[in-house]
Amino acid sequence: MIHAVNIKTIDKPGVLRKVTDFLAKENINIVYTHMFKDATGFAHMYIELEDVNNVEKVLDELNNFEEVYQVDKSPSTDQVWGKRIIIIGGGAQVSQVALGAITEADRHNIRGERISVDTLPLVGEHKLTEAVRAVGSLPRVKVLVLAGSLMGGTIVEAIDEIKDNYGVKVISLNMVGSVRDHADLVVTDPVQAGVMAVMTVANTAKFDIDRVKEPL
């Protein structure tokens with residue numbers, strides 16, 4: 001079972017290490033974390049934990065740290081945001097893919113799923129390569145949709161990396177360039193591409209992207 005915790009602390013060096021050292025001594029595994037500094041100058045840690053025998057005891061111990069101002073239990077990012085679909089490419093195409101993805105996600109989310117959609121309008125081979133490669137560092141990403149009219153070059157190297165190393169499925173619009181040859185699925189209509197992206201990850205859909213061979 002995953003337990004999620006929000007910790008508000010003083011913003012100074014060593015606080016994260018103190019927290020993680022304590023969790024390690026308790027044999028608690030950290031499965032995900034992120035940190036940020038708010039506008040008032042306080043630091044915040046969001047941590048997802050497993051192998052926690054007594055979560056209330058852990059919260060009490062963390063509250064006793066002099067650097068800590070507040071500790072609260074939280075729903076996990078998986079519970080709130082669920083599986084992620086990322087759409088990258090030209091603004092006009094991205095908006096149409098997002099239309100299909102958001103509409104289809106709504107159909108599944110009202111039946112109990114949690115599927116979220118993120119978009120990034122972007123052009124240029126170098127920028128697109130960086131963005132595709134960075135998908136591997138994002139949590140909970142299941143599908144990447146490449147929406148544009150021309151993509152190739154080093155972008156295909158990044159596509160192969162996230163497919164091989166992170167298991168991300170890649171859907172491409174039927175565009176000019178070599179990206180189509182490296183995608184798991186090529187779809188001509190952008191709205192339909194968004195629908196297919198959601199159906200790929202939805203538990204309440206019956207669709208297997210690996211069984212589709214021809215462009216749609």
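The following conversation walks through the sheets, helices and aromatic pairs of a predicted model.

Trainee: Which order do the strands of the five-stranded sheet have?
Mentor: The model is predicted, and in it this open sheet has the strand order 6-5-7-8-9, with parallel pairing.

Trainee: Which strands stand at the edges there?
Mentor: Strand 6 (115-121) and strand 9 (185-187) do. Each has a single partner strand, so one side of each lacks a neighbour in the sheet.

Trainee: And how much are neighbouring strands turned against each other?
Mentor: The average is 20°, with direction ignored.

Trainee: How many bridges join strand 5 and strand 6?
Mentor: Strand 5 (residues 83-89) pairs with strand 6 in the parallel sense over seven bridges. Isoleucine 85, for instance, has valine 117 in strand 6 as its bridge partner. Lysine 83 stands opposite isoleucine 115, also in strand 6.

Trainee: Which strands does helix 4 touch?
Mentor: Helix 4 (residues 91-109) packs on this sheet and touches strand 5, strand 6, strand 7 (141-147) and strand 8 (169-173). The direction of helix 4 makes about 175° with that of strand 6.

Trainee: What unit do strand 5, helix 4 and strand 6 make?
Mentor: Together they make a β-α-β unit, and it is right-handed.

Trainee: Now to helices 5 and 6. At what angle do they pack?
Mentor: Helix 5 (residues 125-134) and helix 6 (residues 155-166) pack at about 5°, and their axes are 8 Å apart. That angle makes helix 5 roughly parallel to helix 6.

Trainee: Which residues meet there?
Mentor: From helix 5, the residues are Glu125, Leu128, Thr129, Val132 and Arg133. They meet Ile155, Glu157, Ala158, Ile159, Glu161 and Ile162 of helix 6.

Trainee: How many of them are nonpolar, polar or charged?
Mentor: The contact between helix 5 and helix 6 has six nonpolar residues, one polar residue and four charged residues.

Trainee: Let us change topic to the four-stranded sheet. What is its order?
Mentor: This open sheet has the order 2-3-1-4, and its pairing is antiparallel. Strand 2 (29-37) and strand 4 (68-74) are at the edges with a single partner strand each, so one side of each is left without a neighbour in the sheet. Neighbouring strands of this sheet are turned by 20° against each other on average, direction ignored.

Trainee: How many bridges link strand 2 and strand 3?
Mentor: Strand 2 and strand 3 (residues 43-50) pair in the antiparallel sense over eight bridges. Asparagine 29 has glutamate 50 in strand 3 as its bridge partner.

Trainee: Where do helix 1 and helix 2 lie?
Mentor: Helix 1 (residues 15-25) lies across strand 1 (3-9), strand 2 and strand 3, and runs at about 20° to strand 3. Helix 2 (residues 55-63) lies across strand 1 and strand 4, running at about 160° to strand 4.

Trainee: One last topic: how many aromatic pairs are there?
Mentor: The count comes to three aromatic pairs. In one of them, the rings of phenylalanine 22 and phenylalanine 65 have centres 5.7 Å apart and planes at 80°, so the pair is edge-to-face.

Trainee: Which parts does that pair tie together?
Mentor: Phenylalanine 22 lies in helix 1, and phenylalanine 65 lies in the loop between helix 2 and strand 4, so the pair ties together parts that are 43 residues apart in sequence.

Terms used
Residues are numbered from 1 along each chain as its sequence is written. This is a predicted model: local features need pLDDT of at least 70, side-chain atom pairs count only at pLDDT 80 or more; totals for chains, interfaces and linings use all residues. Side-chain values use heavy atoms; hydrogens and water are left out. Axes are lines fitted to C-alpha atoms, for helices over the stretch in contact, and angles run from 0 to 180 degrees between N-to-C directions. Helices (H or I, at least four residues) and strands (E, at least two) are DSSP runs, numbered from the N terminus. Angles under 35 degrees count as roughly parallel, over 145 as roughly antiparallel, 65 to 115 as roughly perpendicular and the rest as oblique. Contact means heavy atoms within 4.5 Å. Ala, Val, Leu, Ile, Met, Phe, Trp, Tyr, Cys and Pro count as nonpolar, Asp, Glu, Lys and Arg as charged, and the others, Gly among them, as polar. Two strands pair if DSSP finds at least two bridges between them. A crossover is right-handed if, with the strands pointing away from the viewer, the path from the first strand over the helix to the second runs clockwise. Rings of Phe, Tyr and Trp (its six-membered ring) pair if their centres lie within 6.5 Å; planes under 30 degrees apart count as stacked, over 60 as edge-to-face and the rest as tilted.
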